[in-house]
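The paragraphs that follow walk through one protein chain, starting from the pairing of its strands and ending with single residues. Please keep the model in view while reading.

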Amino acid sequence: MILVTTDYIGGRELEMLGIVKGSTVQSAHAGKDIGAAFKTLVGGELSSYNEMLNAARAMATKRMVKEAEEMGADAIVGVRYASAEIIQGAAEVIAYGTAVRFVDRDDFI
């Protein structure tokens with residue numbers, strides 16, 4: 001599956017299949033939450049939250065790709081990510097884009 005942030009794939013004619021999305025809500029471990037709170041006092045990267053958001057983006061992407069595959073897509077164009085805090089220490093991440101199929105699928109590698 002090809003994922004791009006552009007609305008096109010160079011040299012390909014695309015048939016739009018529809019919007020696809022994937023989302024997840026992730027939270028940090030309570031112990032890591034406390035550690036992050038202390039870290040805000042001295043500054044620096046909150047690695048536990050960074051790891052949490054990386055895992056959430058990966059899961060949201062995987063779910064978006066699965067939805068596109070079920071539609072028979074060859075690619076997803078216009079891929080975007082958004083996130084929002086649900087409660088302190090928990091975030092929703094959503095991945096979305098447009099599932100497309102190559103018009104001339106014989107050339108698809």
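In this predicted model, strands β3 and β4 run antiparallel to each other and are joined by ten bridges. One position where this pairing can be followed is I76, which stands opposite A99 in β4. Strand β4 also pairs with β2, again in the antiparallel sense, and here the pairing extends over 13 bridges. Two positions show how β2 and β4 face each other: K21 stands opposite Y96 in β4, while G22 has A95 of β4 as its bridge partner. The pairing of β1 with β3, by contrast, is parallel and rests on two bridges, and in it I2 has A75 of β3 as its bridge partner.

Put together, these pairings give an open sheet of four strands in the order β1-β3-β4-β2, with mixed pairing. Which strands stand at the edges of this sheet? They are β1, covering residues 2–3, and β2, covering residues 14–27; each has a single partner strand, and therefore one side of each is left without a neighbour in the sheet. Helix α2, formed by residues 47–70, packs on the sheet and touches β1, β2, β3 and β4, its direction making about 145° with that of β2.

It helps to set this sheet against the order of the chain. Two helices and four strands make up the secondary structure of the protein chain, and from the N terminus on the elements follow one another as β-β-α-α-β-β. Among contacts between residues at least 6 apart in sequence, 76% join residues that are at least 24 apart. Of the 109 residues in the protein chain, 29% are buried.

One of the residues of helix α2 is S48, and is this serine buried or exposed? With a relative accessible area of 14%, S48 counts as buried, because the limit for that class is under 20%. The C-alpha atom of S48 is separated by 9.9 Å from that of S27, although the two residues are 21 apart along the chain.

Turning to side chains that involve aromatic rings, R12 lies over the face of F102, at 4.1 Å from the ring centre. Pairs between aromatic rings themselves, counted where the ring centres lie within 6.5 Å, come to zero.

A last point concerns how far the model can be read. The protein chain averages a pLDDT of 84, and 77% of the residues score at least 70. This confidence varies among the elements, with β1 having the highest mean pLDDT, 97, and helix α1, residues 30–42, the lowest, 49. Where pLDDT is low, the predicted coordinates should not be read in detail.

Terms used:
Residues numbered from 1 in each chain as written. Predicted model: local features only at pLDDT ≥ 70, side-chain atom pairs only at ≥ 80, totals over all residues. Heavy atoms only, no water. Phe/Tyr/Trp six-rings, centres within 6.5 Å; stacked < 30°, edge-to-face > 60°. Lys NZ or Arg CZ within 6 Å of the ring centre and 35° of its normal. Pairing = 2+ DSSP bridges. Contact = heavy atoms within 4.5 Å. Axes fitted to C-alpha atoms, helices over the stretch in contact; angles between N-to-C directions. pLDDT = per-residue confidence, 0-100. Buried < 20%, exposed > 50% of the residue type's maximum accessible area, 1.4 Å probe, protein only.
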